[in-house]
Amino acid sequence: MKTTRNRIILDFASALTALFVLVTGPSMAAEFPARPVQLMVAYPAGGSTDVAARIVAAIAEKQLGQTIVVVNRGGAGGQVGWTDMSRARPDGYYMGFINLPALNTVILDPERKAAFKADAFVPLINQVLDPGIIWIKADSPYKSLKDLLEAAKRAPNKISAATTGILSDDHLAILMAEEAYPGAIFRIVHLEGGAAQLTAILGGHIDVAFDNVGSVYRRVRSGELRALAVMDTRRSSFLADVPTTPELGFPTVISNSTRGIAVPKGTPQAVVNRLYKVGTEMMKDPLVVKRMTDGGVTIVTSKSPAEFVTFVTKETERFGRVIKDNNISTE
């Protein structure tokens, strides 16, 4: 099982590194776009990715000179939408959001039986990086991250920790925390989304939640919740008083939820370049910046498609290592 998983991880990284050996179609690029472009969201309408997609589509279509139609293809944690995108004609008229680590784990988990591999997509541009956060109810007895981890060490499997799903960024973050503090073992509870986490914590049913800054920063600011740490290399501008995990002595506990835009493999390089240029200008638009900031997420725009590929490759290797080291399998 470990050998198979390692091979999958290596194949994923190798495929991403080679993504830019593409067919260039100058005549097509000169005409592009001649009709409306679809932007696929692999989740139902109303979620954070969908909201962001509609914000950026309204801005980008002005620069592109064509309507951008947001299409929701929710199902199976994103797998339905990404399967659709992997089968779409590679002509630039079908783009889609990719969410990490959700996309990574769909491919890395053998039980998901994904109909696509990593090289089915060409990542264009990163849009958002939402750092992970460890938070508790305001009146929780745990005053620091070390207090929490020490309690999980003294009483293994007693301290309950909520995630937003198996192999989610939150789940992997808990495993990283356990690795960083040997002996600490949480009773992991998988819930469906941030709303369920909040209800469980406020109701006293769960001790701690691993989530993302954008989901809870307002409630932390209001004093309803207390943040123990932001799982990033630098402090969040939304919660500047909350220390990072590296500051607290846990440099390997780094977690985030990232999303960006990709196109199907085989899209002509000239079209890729055109879409990337539009994307970078879109992310500088004051309205996009304001709405993203109001939503509590940090805009992180890759400097080139190749830089985004490198980022996805490294994240996949990191997620794969955590999965392998913890012998996680849903088989």
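What follows is a conversation about a strand, a cavity and some backbone features in a predicted model.

Biologist: What makes strand 7, residues 208-212, count as largely enclosed by the rest of the structure?

Modeller: Buried means under 20% relative accessible area, and five of the five residues of strand 7 are buried, so the strand is largely enclosed by the rest of the structure.

Biologist: Which residues show that both faces of strand 7 are covered?

Modeller: In a regular strand the side chains alternate between the two faces of the sheet. Val208, Phe210 and Asn212 lie on one side of strand 7, Ala209 and Asp211 lie on the other, and all of these residues are buried.

Biologist: How do you know that strand 7 pairs with strand 4 and with strand 5?

Modeller: Two strands are said to pair if there are at least two bridges between them. Strand 4, residues 121-137, has four bridges to strand 7 and runs antiparallel to it, with Ile133 and Asp211 as bridge partners. Strand 5, residues 160-163, pairs with strand 7 in the parallel sense over two bridges, and here Ala161 has Val208 as its bridge partner, so both cases satisfy the definition of pairing.

Biologist: Why is the empty space inside called a cavity, and how much space lies in the largest cavity?

Modeller: The word cavity applies because a 1.4 Å probe fits there but cannot get out. The structure holds three cavities of 30 Å³ or more, and the largest cavity contains about 120 Å³ of space.

Biologist: What residues line the largest cavity, and of which class are they?

Modeller: The lining consists of 15 residues, with Ala60, Met95, Ile261, Val278 and Met282 nearest the centre. Two or more lining residues come from each of helix 3 (48-64), strand 4 and helix 10 (269-284), and helix 10 provides the largest share, five residues. By class, 14 of the lining residues are nonpolar, one is polar and none is charged.

Biologist: Why is Asn157 called partly exposed?

Modeller: The class between buried and exposed runs from 20% to 50%, and Asn157, at 46% relative accessibility, therefore counts as partly exposed. Asn157 sits in the loop between helix 6 (145-154) and strand 5, and has a positive phi of about 65 degrees although it is not a glycine.

Biologist: What is the form of the peptide bond from Phe32 to Pro33, cis or trans?

Modeller: Most peptide bonds are trans. The bond from Phe32 to Pro33 is cis, with omega near -5 degrees, and Pro33 belongs to the loop between helix 2 (26-31) and strand 1 (37-41).

Notes: Residues numbered from 1 in each chain as written. Predicted model: local features only at pLDDT ≥ 70, side-chain atom pairs only at ≥ 80, totals over all residues. Heavy atoms only, no water. Buried < 20%, exposed > 50% of the residue type's maximum accessible area, 1.4 Å probe, protein only. 1 Å grid on protein atoms, 1.4 Å probe; cavity = no way out; pocket = protein on both sides within 12 Å on 5 of 7 lines; lining within 4 Å. Points joined across faces, edges and corners; volume = space filled by probe spheres on them. Nonpolar A, V, L, I, M, F, W, Y, C, P; charged D, E, K, R; others polar.
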